[in-house]
Each structure stands twice: as structure tokens, then as C-alpha cells.
Amino acid sequence: MNRFATLIDALVFMPSRNGKIRLLADYFATTPDPERGLALAAMTGTLSFREAKPAAVRDLVMTRVDPALFGWSYDFVGDLAETAALIWPARPGVNRPPPSLSEVAEALATARRADVPSLLEGWLDALDSSGRYALLKLITGSLRVGVSARLAKTALAEWGGQEVGEIEELWHGLAPPYLELFAWLEGRAERPAVAGTLGFRPLMLANPLDEADLAGLDPADFRAEWKWDGIRVQVAGGTAGHGRLYSRTGDDVGGAFPD
């Protein structure tokens, strides 16, 4: 969790897109499985914990801090995870190492809602403020570090020496912690097989041509279609009424169009 926290801090204060890509690529190159795959899932919004809710964080902090003080602090800071990370009074004498990202993910994946506060309490006591912030951002599902799913895939592609379109085509056929994906990018395994899944196929986008380019093109070799205003959507059809809708960048937008 400390290494993940260091990455989160670095991404927050890195204004450059290329700088963020370098930070991500370095993290993927130096972090073992399954930690890097879980971090990737957290940043791309594919890692969630059903029983861990922001209300549990708020209630837990108020067992250690005066509720009025917490309320004033929260109003001033404006972010639950940051407020809790800074105000949390660690209990002296805690004798346990900081949790790893995989420990947190595995425990929360099987925890009941009633178990979450005791798990959080032990982890918060073992972490420093940066680690607590990363942990709580992970749980509340709002990292907000300026990394989109597309940017994370671009970092993977540049680090692994592949086209980003290849990553996008595989993405929805794989699941965290993406062991097959990292093995392929490191040259330890063949390209993951996702045939038969409702995957995304990178779209062919329009590119401008110079007048000199037109002379070498035969219209008989091409097809044309009208380009309408609105959003471009790709439909992935399945069997028994199953299907998915993707945006042009490969995000699953089916939830916004239930019909």
C-alpha cells in the first residue's frame, strides 16, 4: 500500500500528461503481480468493494475524533478521504506492518459490511497519512489523480511496446489483476485470447488529407458514410440478448442506455 500511496501522491502533483505516463510505466515495470494489476484496476475504475462505504469511514473516524471537530475539519478540507487521513489519531503500540494493496483487496472482497470497520481500523493504525489517504481513496472509489482509463492503457502500451489499440481490444475480455496482460507485455506469454467475448474493437477515425494525397487515391477503393453530430457508439452483440455498448475510447457506456 505504501508503494501505491507514493504513486498516487506523484500523480496528483504531476501536471504533465507525458509525466503521468512515465510514472505509470515505471510503476508497472518495478511493481510485482498482483499489486500492479490491482493498482491499474483502481485507477481505471474496475476495482470496487461492495461492502465498504464512505459512511463506514465517517463513522469509524468519529470513534477516535470528536464529532464536532471532524465536522469542522471536513467542511474546511472538503474531501472525506483526505480529512480522515490527516485527522486520524494512530493508536500507540500498534505492532503490525502496513498492509499491501493485495491484502486490502482480498480482505474487502470477502468481508461482510459489519467486518469492514475493524479491518479499516487496523490498516489505518499501521499506515502513515499518505498511506491512509491512498487506502481511503481506494475504498471510496474516487482516486481523482488525473489518470483516465485511456491514459492508463497508453502507459501500458508504451511500457510494453505495443499499440494502444491492442490493449483496448483485450481490455474488456480480461479481469483484475490482469496477470495475463502483464505476462504478455513483458514477453513471458502469448497474447491473451479473448475471442468470443464482448470486447471492444478500436474505431477507425477520420484523418485529414492534403490535396497532394488525393491524386494517389482511387475512389473505387473506398467506402464513404455520413458523419452525424452526436456520440459514436460501438455495439458488441452477444447471444441470448446479451450485448455491450462502447464509446469511441473503449468505455462501457451500456448503463447509460438501458434500452
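Which residue's side chain does a polar contact of 3.0 Å join to that of D125? The partner is W88, and the views below start from the whole chain before coming back to this pair. The model shown is a predicted one, in which local features need pLDDT of at least 70, side-chain atom pairs count only at pLDDT 80 or more, and totals for chains, interfaces and linings use all residues. Residues are numbered from 1 along each chain as its sequence is written, and side-chain values use heavy atoms, with hydrogens and water left out.

**View 1. The whole chain holds 13 helices and 2 strands.** Helices (H or I, at least four residues) and strands (E, at least two) are DSSP runs, numbered from the N terminus. The C-alpha trace spans about 75 × 40 × 40 Å along its principal axes. Of the 259 residues, 40% are buried; buried stands for under 20% relative accessible area, exposed for over 50%, and partly exposed for what lies in between (1.4 Å probe, protein chains only). Contacts are counted when heavy atoms lie within 4.5 Å. Among contacts with a separation of 6 or more, 65% are between residues 24 or more positions apart.

**View 2. D125 sits in helix 8 and reaches two side-chain partners, R64 and W88.** With 11% relative accessibility, D125 counts as buried. Its side chain makes polar contacts with the side chains of R64 at 2.8 Å and W88 at 3.0 Å. A polar contact here is a pair of N or O atoms within 3.5 Å; within protein, one must be able to donate a hydrogen and the other to accept it, and residues adjacent in sequence count only if both atoms are side-chain atoms. Leaving aside residues up to four places away in sequence, D125 touches R64, W88, P89, A90, R91 and V94.

**View 3. Helix 8 (residues 116-126) packs against helix 9 (residues 129-140), their axes coming within 9 Å.** The axes cross at roughly 150 degrees. That angle makes helix 8 roughly antiparallel to helix 9, a label for angles over 145 degrees. Axes are lines fitted to C-alpha atoms, for helices over the stretch in contact, and angles run from 0 to 180 degrees between N-to-C directions. Helix 8 brings L120, W123 and L124 to the contact, while helix 9 brings R132, L135, L136 and I139. These residues divide into 6 nonpolar, no polar and 1 charged. In that grouping, Ala, Val, Leu, Ile, Met, Phe, Trp, Tyr, Cys and Pro are nonpolar, Asp, Glu, Lys and Arg are charged, and the others, Gly among them, are polar.

**View 4. Helix 6 (residues 80-87) is largely enclosed by the rest of the structure, since 6 of its 8 residues are buried.** Look for L80, A81, T83, A84, A85 and I87 as the buried residues. Their cover includes helix 4, helix 5 (67-77) and helix 9. At the start of helix 6, a side-chain oxygen of D79 comes to within 3.2 Å of the backbone nitrogen of A81.

**View 5. Helix 10 is mostly covered, with 9 of its 12 residues buried.** The buried residues are A149, L151, A152, K153, T154, A155, L156, A157 and G160. Helix 2 (17-30), helix 3 (35-43), helix 11 (164-171) and helix 12 (179-185) are included in what covers them. At 1.5 Å a residue, helix 10 (residues 149-160) should span 16 Å, and its end C-alpha atoms are indeed 16 Å apart; the expected span is 1.5 Å times one less than the number of residues. Just after helix 10, G161 takes a positive phi of about 70 degrees.

**View 6. The loop between helix 11 and helix 12 holds both P177 and Y178.** The peptide bond from P176 to P177 is cis, with omega near 5 degrees. Y178 has a positive phi of about 60 degrees, although it is not a glycine. Y178 is buried, its relative accessible area being 1%.

**View 7. Two further loops hold a cis peptide bond and a positive phi.** P34, in the loop between helix 2 and helix 3, is joined to D33 by a cis peptide bond with omega of about -5 degrees. R144, in the loop between helix 9 and helix 10, has a positive phi near 50 degrees without being a glycine. R144 counts as exposed, at 70% relative accessibility.

Technical notes:
Angles under 35 degrees count as roughly parallel, over 145 as roughly antiparallel, 65 to 115 as roughly perpendicular and the rest as oblique.
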